[in-house]
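Work through the exercises below with the sequence and the 3D structure open. Try each task before reading its solution.

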Amino acid sequence: MNRREFVSGLTLATAFAGLLPTGAAAEGKRVALVIGNGAYRNVPTLLNPPNDAGDIAAALKRLGFSVSLITNASFDEMRRGLIAFGREAAGADMATVYFAGHGMEINGENWLIPIDAELKRDTDAANEAISLQGVMLQVSNTTSLGLVILDACRNNPFAVKMNRSLATRAAPSGGLGRIEPVGNVLVAYAARDGTTALDGDARNSPFAAALLRNIEAPGVEVTFMFRNVRDDVMEATRNEQQPFVYGSLSRKAIYLAGRPSGGAEGAEPVTARPAVVSPAPAPTSSTIDPALVGTWEIMVPSGRGQSRWIWQIMGDGTYKFHAEPQRSARPHEGMMTAANGRWTLHALRGLSGYSDAGAYEIRDTLAVITGKLGTGAWKRSAE
């Protein structure tokens, strides 16, 4: 997982917005179905989709969604899950489906593949896989936004062994095919049509890691949020993978994590991580979850090899950061708050004016963190 160096940040007001329970920002009913398929029975296992699905489900819950999570789902489990979800989604303000696993285009139609699929022939898809068109229909009756997010463009071993029913039929292509959603539906691909995405060798795929870094950023309009995800993925994959969003929304700005500061209907939407023009005043006090106090580290791959990022978090809310080797990220110090699964940070020295915010979850000696400062699983350091 490549990380962007700290050269831009949220304003202090936006950072403090991260302290508010994100569910409180939800306007109306929000529902989500999250599926992560990795334990395929007839082709090699994918390692990341169950991790990706679990982490995305947790983020959506923090954003106020009622989430159904299914991992390693069979055809019947996916079908029943979608039917139940469609009933919940009808008339909701927002409805989201996230799928990580294998997906493919066959003869001009896109399919999401359950773990028990065999797909020996192209005509088997209708009986063994889930149509993307059907998934889009399940999110199409919302009042604000229907969103389908697919990390399902991986190199697909089903395509290699599949027999075509007729010699004149088109062979299965790489990745998913182009689509044209209608109404208030957006469909986000991890890699644009006809190309494939990386599963990655860390906890999350490059696309899921970028989505986790951006989806909870307050005050960022949804289409701009996906632009930030696109840039992060292209940087992490050295331009090998380009996410793509299909669909066209009205002029009404839509926010997953709350409106910009002030919350006015006509407020100008926040775009791609606005630069801080002048240093904002530092917070005068801080609340720190005792479980986060201590020294944490995360290994971060980069073009020059791995670097080690170390965070020292003190009980009074101050922190110190440095990296080894130092050129991989600038050392800095500042103030931090962390409580009830949400954190915010404001640098005072080294990167004066830099702010960040996100979510955290403590799991024994690991801290699962979201935010620009290093999304992933931090581990306690011996330092």
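**Exercise 1.** Leaving aside its neighbours within four places in sequence, which residues is Ile-254 in contact with? Contact means heavy atoms within 4.5 Å.

Solution. The model is predicted: local features need pLDDT of at least 70, side-chain atom pairs count only at pLDDT 80 or more, and totals for chains, interfaces and linings use all residues. Residues are numbered from 1 along each chain as its sequence is written, and side-chain values use heavy atoms, with hydrogens and water left out.

Step 1. Locate Ile-254 in the loop between β9 (244–246) and β10 (294–300). Strands (E, at least two residues) and helices (H or I, at least four) are DSSP runs, numbered from the N terminus.

Step 2. List the contacts of Ile-254 beyond four places in sequence: Met-94, Ser-144, Leu-145, Val-220, Glu-221, Val-222 and Leu-249.

Step 3. Take one of them, Glu-221: this residue and Ile-254 are 33 residues apart in sequence, with 5.5 Å from C-alpha to C-alpha.

**Exercise 2.** Is Ile-254 buried or exposed? Buried means under 20% relative accessible area, exposed over 50%, and partly exposed in between (1.4 Å probe, protein chains only).

Solution. Step 1. Read the relative accessible area of Ile-254, which is 6%.

Step 2. Compare that value with the cut-off: Ile-254 is buried.

Step 3. Put this beside the whole protein, where buried residues make up 52% of the 383 residues.

**Exercise 3.** Which side chains of strand β12 (residues 318–324) point to the buried face?

Solution. Step 1. Recall that in a regular strand the side chains alternate between the two faces of the sheet.

Step 2. Apply this to β12: Tyr-319, Phe-321 and Ala-323 share a face and are buried. Thr-318, Lys-320, His-322 and Glu-324 point to the other face and are not buried.

**Exercise 4.** Trace the strand pairs from β11 to β14, using the rule that two strands pair if DSSP finds at least two bridges between them.

Solution. Step 1. Strand β11 (residues 307–313) runs antiparallel to β12, joined by six bridges. Gln-312 has Lys-320 in β12 as its bridge partner. The two strands form a hairpin with four residues between them, and Gly-317 in the turn has a positive phi of about 95°.

Step 2. Four bridges pair β12 with strand β13 (residues 332–339), again in the antiparallel sense. Here Lys-320 is the bridge partner of Glu-333, and Tyr-319 stands opposite Gly-334.

Step 3. β13 pairs with strand β14 (residues 342–349) over seven bridges, antiparallel. Met-336 stands opposite Leu-345 in β14. This hairpin has two residues between the strands, and Asn-340 takes a positive phi near 55°.

Step 4. Six of the eight residues of β13 are buried, so this strand is largely enclosed by the rest of the structure.

**Exercise 5.** Which strands stand at the edges of the open sheet β4-β5-β6, and why does each have one side without a neighbour in the sheet?

Solution. Step 1. Write the order of the three strands, β4-β5-β6, with antiparallel pairing.

Step 2. β4 (103–106) and β6 (130–131) are the edge strands; each has a single partner strand, so one side of each lacks a neighbour in the sheet.

Step 3. Check one pair: four bridges join β4 to strand β5 (residues 109–112), and Met-104 stands opposite Trp-111 in β5.
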